[in-house]
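Biologist: Please take a close look at a single part of this model and describe its surroundings, then follow the connections outward. Please also say how far the coordinates can be trusted.

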Amino acid sequence: MVAVLALLTGLAAAVPLLTRSLGRDTGYPLAVGYLLGCGLLASRLPVVLDNGAVAVSARWLPSLDIAFALRLDGLAMVFGLLVLGVGALIMMYCPRYLAPHRPCAALYTLLTLFTVAMLGLVFAADTVLLFLFWELTTICSFFLIGQASPAAARPATRALLVTAGGGLALLAAVVVMTVQLGTSDLTTILAYPDRLLGSPVAWVVGGLLIVAAFTKSAQFPFHFWLPSAMVAITPVSAYLHAATMVKAGIYLLIRFSPIYADQAAWTIVLVLGGLGTALAGAFLALRQHDLKAMLAYSTVSQLGLLVGVIGVGTPAALAAAVLHTVAHALFKATLFMLVGIIDREAGSRDIRQLSGLRHVMPVTATLTGLAAMSMAGLPPLLGFVSKEAIFDALIKTGVDPWLSPSAEVLAVSASALTFAYGARIVYETFAGPPRQPELYEPALAFLTPAAIAALLSLLLGPAAALLGPLIDQATEDASPGGDPPYVAFWHGFTPALALSALTVLSGMALFAARGRVDRLVQSVRLPPAGAVTFDRCYGALLRLGGIVGRPTRYDSPAAHLFRPVLLLVLIGAAGSAALGSMPSWPAAGAAAGDWPLLVLLAVALAGIVLARSALAAVGLLSLVGLMVATWFLLAGAPDVALTLMLVEVLTAVVAMLVLRRLPARLPGADRQPVSFFAAALAVAAGAVAVAATVGLTGRRDLSAPAGYFLRTAEPATGGGNVVNVILVEFRAFDTLGEATVLVAVALGLVGLFRTTGRDVAGGPDVAGGPGVAGGPGGTAGRGRTGSGPAEPDPVLRFAYRLLTPVMLVVSAWLFLRGHDEPGGGFVAALVAGIAAGLGQLAYAGRPPTAAGRLRPGPLLAAGLLTCLGIGLSALLAGEPFLTPSPGLKLSVLGFAVSPVTFFDLGVYLMVLGLITASVRRLGTAEPSDGAVPSDGAGVRAP
């Protein structure tokens with residue numbers, strides 16, 4: 001399992017390199033990697049079939065008793081082979097589907113990460129780990145759907161919000177289970193179901209699990225996100241529907257069946273909810289004319305059938321669910337890939353515009369017919385075997401006398417409608433006279449993936465017994481102690497066979513009367529679609545947020561000062577009334593050196609308030625920052641002082657990039673003086689802040705955590721710089737989280753620049769663009785600090801060339817000494833970032849030097865991967881995540897280098913990537929790296 005996950009993660013990391021040389025044909029080596037993963041899993045098949053399981057566990061969060069635990073049993077084996085096998089077919093299909101010159105690195109990377117997430121989900125043996133991979137599938141699907149086109153943004157957001165809401169339900173279930181049972185180990189939880197069932201939270205957990213599964217597997221009332229997600233390209237749709245995203249909910253319900261299978265409420269909700277969704281989905285599929293929309297609603301219907309039979313909970317029902325999961329993956333992957341071929345060749349997916357394609361595309365017609373037969377449950381396809389097993393399980397539903405007949409009626413009705421729209425797909429597309437006689441059969445490489453899936457479905461029908469051992473073992477793992485049924489193609493004349501025959505006859509009758517049936521289903525007036533209702537609620541929520549946030553969108557500082565001052569005054573008054581008197585404040589004397597700084601700070605702040613020049617205000621603000629840095633230095637915090645000083649220098653560089661495109665005078669500089677009310681409010685705000693500072697943080701004594709770090713930092717880690725040791729060792733996970741936020745912000749800046757192709761101040765033509773200060777319709781045609789695109793400055797160019805090597809050497813020196821002396825990755829990155837910003841100033845764009853060729857994307861990716869690699873290396877060494885071994889140390893130029901140093905290097909690269917993205921976004925007036933300029937007007941300067 002670890003090897004498979006590592007293999008696929010490595011393939012995802014290698015995709016950018018592969019696409020540079022292979023382009024869209026990168027899918028072929030990825031398919032080979034997927035098949036290698038299948039082989040690695042299959043090598044453990046004898047152990048799994050011997051009623052065993054392969055387990056791997058590593059310490060992850062020992063304080064919470066949470067492990068990075070993976071387990072491969074029969075159920076995980078079935079889903080794992082499906083994910084990898086169908087994934088290999090999709091990767092083989094992509095090269096011929098994608099346009100020759102279409103950028104495909106992002107698609108292949110996301111598909112591979114999607115596979116990693118789904119495999120991690122089915123392998124997870126810890127509920128916390130299961131939740132993390134569950135959410136990773138949600139994130140990957142969001143990006144895969146959203147990258148299709150600009151119109152895909154809303155469907156992708158809809159899918160994200162619905163499935164992420166289900167993820168929150170799963171998180172709540174995990175937390176409640178862990179707190180109640182004292183463990184998050186999934187194997188332990190499932191092995192002792194009475195512990196959870198006997199607790200007062202049993203049905204809270206059960207309800208949350210159902211919500212999570214229903215959102216992920218698109219069950220009513222959450223079904224609407226799946227059809228709208230069809231805006232994704234066909235390979236994504238095929239993979240999402242056949243083997244990954246939507247099957248996660250099915251897996252979750254099967255996995256927790258040992259706990260809830262015998263509970264009447266669980267059974268009734270799943271059987272009626274699932275089969276009701278199956279009937280509604282089949283009916284909606286019959287209303288569609290777009291082939292892809294038909295298949296989307298078909299997926300909703302088939303998933304409902306699976307949920308319904310899982311609700312029965314018997315070994316026979318769970319075996320039928322597992323078998324139909326396999327059959328559904330094969331015929332649905334085939335149908336989606338063939339619909340993509342038809343769309344590519346005929347230029348349409350509308351069955352009203354397609355006819356007679358069997359004359360020009362006979363192989364495509366044959367494969368589509370086989371897949372549709374399997375979906376309809378016709379022999380000798382695998383879908384016939386699984387559908388008959390489902391009918392047999394529903395007949396034996398024993399919770400209530402009325403449930404079994406109701407389930408049979410719903411299942412047969414849904415299956416008859418499935419037969420009808422399956423026949424419609426084949427007949428309307430391939431029968432009749434050809435409308436496009438110039439078409440021809442696509443290339444063999446394009447057809448092969450779909451042909452493999454269709455032929456497997458055909459061969460595994462009569463040979464269903466070959467799947468018997470694995471299905472039996474998966475059933476035993478899902479329902480321990482039960483007696484799995486015998487999986488075979490023919491069971492004789494049984495009630496289930498009679499229901500299958502009734503389904504076929506009913507479906508044939510519907511198809512024979514297809515004209516009247518189509519008019520009837522089209523005439524049915526349905527309530528507003530779930531997507532419409534969801535969008536209305538979503539829009540109303542955004543409008544409510546706008547109303548709530550409206551008071552914060554005033555330009556006047558008074559609006560932002562009044563509420564916190566009023567709130568703190570009310571809290572203080574209430575506290576005084578409750579206590580009878582104000583509590584005593586701690587002694588907080590000021591050192592002798594503090595008073596001159598306080599006076600200078602007051603003068604500088606008064607100057608900022610009175611300043612009317614933008615340059616003067618920025619200069620005074622930097623002076624305030626430098627004085628505060630001096631204050632930190634006097635207080636014995638050189639690391640903080642150094643960091644703040646560098647931030648002030650970088651702020652000055654950024655301010656110069658911005659000021660070139662802003663008016664010289666501040667907005668409102670010519671207005672009347674500040675009113676008495678505003679001044680009083682400002683003084684009151686300052687007084688409240690001083691009172692809060694003195695009352696809450698005025699003590700000079702060391703806190704317990706600070707004393708602990710000072711005592712134990714150097715003995716435990718060997719590092720003398722306590723601040724750096726805290727950041728990269730004691731609190732490394734926090735640092736990784738904060739750095740990941742920086743990466744997200746930087747990627748947003750890069751994406752924003754590539755989308756607009758303009759700088760912050762309004763675009764390439766700063767002086768003349770519409771709506772830009774200085775141009776027609778601008779707001780400040782005079783008194784600008786710059787009156788056009790900035791020209792390279794010879795003085796700054798000389799300073800840049802002279803100082804950049806020095807700054808880079810200082811950056812490296814600060815980085816290497818950071819573990820023992822003031823410095824570290826963050827501070828060193830600030831120095832290098834200042835050099836990048838100076839280059840933007842000096843050359844009015846990207847400087848023609850090595851530092852100017854830095855690209856934010858690779859810096860961010862390298863930094864994040866470096867940090868994650870250090871964390872994963874600790875897991876491989878048997879230590880918790882991000883716990884470097886203190887024994888691994890080398891000496892480089894007199895500095896100690898250890899795994900901690902490489903983690904700090906990752907932080908360095910991420911911070912430098914953020915700074916580079918920021919200064920380039922502010923200082924570059926032309927699109928870079930092939931960015932397409934925006935058509936919009938420039939942005940008004942504030």
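**A cysteine and its surroundings**

Modeller: Cys-94 counts as buried, because its relative accessibility is 0%, under the 20% cut-off. The model is a predicted one, and what follows is read from its coordinates. Cys-94 lies in helix α4, which covers residues 74–97. Setting aside neighbours within four places in sequence, Cys-94 has contacts with Tyr-108, Leu-111 and Pro-235. Tyr-108 is 14 residues from Cys-94 along the chain, and the two C-alpha atoms are 9.0 Å apart.

The next point is the sulfur. By a rule that asks for two cysteine sulfur atoms within 2.5 Å, the number of disulfides is 0. Cys-94 is accordingly in no disulfide, and the cysteine sulfur nearest to it belongs to Cys-104, at 8.9 Å. Cys-867 is another buried cysteine, with a relative accessible area of 0%.

The contact with Pro-235 leads to helix α12, which runs over residues 234–242 and includes Thr-234. Thr-234 is buried as well, since its relative accessible area is 2%. Beyond four places in sequence, Thr-234 has contacts with Tyr-93, Tyr-97, Lys-292, Phe-336 and Gly-340. Tyr-93 and Tyr-97 fall within the residue range of α4, so helix α4 is in contact with both Thr-234 and Pro-235, as the 4.5 Å limit between heavy atoms defines contact. With Tyr-97 there is also a polar contact, made between the side chains of Tyr-97 and Thr-234 at 3.4 Å.

Two other contacts of Thr-234, Phe-336 and Gly-340, have numbers inside helix α17, which spans 315–346. After α17 comes a loop that leads to α18 (362–376), and Leu-354 is found in this loop. Although it sits in a loop, Leu-354 is buried, with a relative accessible area of 2%. Leaving out neighbours within four places in sequence, Leu-354 is in contact with a list of residues that includes Leu-291, Ile-342, Ala-346, Glu-428, Thr-429, Arg-435 and Gln-436. Ile-342 is 12 residues from Leu-354 in sequence, and their C-alpha atoms are 9.3 Å apart.

Some backbone features deserve separate mention. Most residues other than glycine have a negative phi, and most peptide bonds are trans. The loop between α10 (202–216) and α11 (225–228) holds Pro-221, and the peptide bond from Phe-220 to Pro-221 is cis, with omega near 5°. Ala-218 is in the loop between α10 and α11 too, and its phi is positive, about 55°, although the residue is not a glycine. Ala-218 is buried, as its relative accessible area is 0%. A further cis peptide bond joins Pro-379 to Pro-380, again with omega near 5°. Pro-380 is placed in the loop between α18 and α19 (382–395).

On the N-terminal side of α4, the model has a strand pair. Strand β1 (residues 54–61) pairs with β2 in the antiparallel sense, over 7 bridges. Leu-61 stands opposite Ile-66 of β2. The hairpin has 4 residues between its strands, and in it Asp-65 takes a positive phi near 60°. Strand β2 (residues 66–72) is largely enclosed by the rest of the structure, because 5 of its 7 residues are buried.

For the chain as a whole, there are 37 helices and 4 strands. The chain has 942 residues, of which 50% count as buried. Of the contacts with a separation of 6 or more, 79% are between residues 24 or more positions apart. The exposed area is about 41,100 Å², and carbon and sulfur atoms supply 70% of it.

As for trust in the coordinates, the mean pLDDT of the chain is 81, and 83% of the residues reach 70 or more. Over residues 757–789 the pLDDT stays under 50, and the model gives this stretch 83 contacts beyond four places in sequence. Residues 925–942 are also below 50, with 49 contacts beyond near neighbours in sequence. Where pLDDT is low, the predicted coordinates should not be read in detail.

How values were computed: Residues numbered from 1 in each chain as written. Predicted model: local features only at pLDDT ≥ 70, side-chain atom pairs only at ≥ 80, totals over all residues. Heavy atoms only, no water. Buried < 20%, exposed > 50% of the residue type's maximum accessible area, 1.4 Å probe, protein only. Polar contact = N/O pair within 3.5 Å; in protein donor to acceptor, adjacent residues only side chain to side chain. Areas by Shrake-Rupley, 256 points an atom, 1.4 Å probe, with all protein chains shown as cover. Pairing = 2+ DSSP bridges. pLDDT = per-residue confidence, 0-100.
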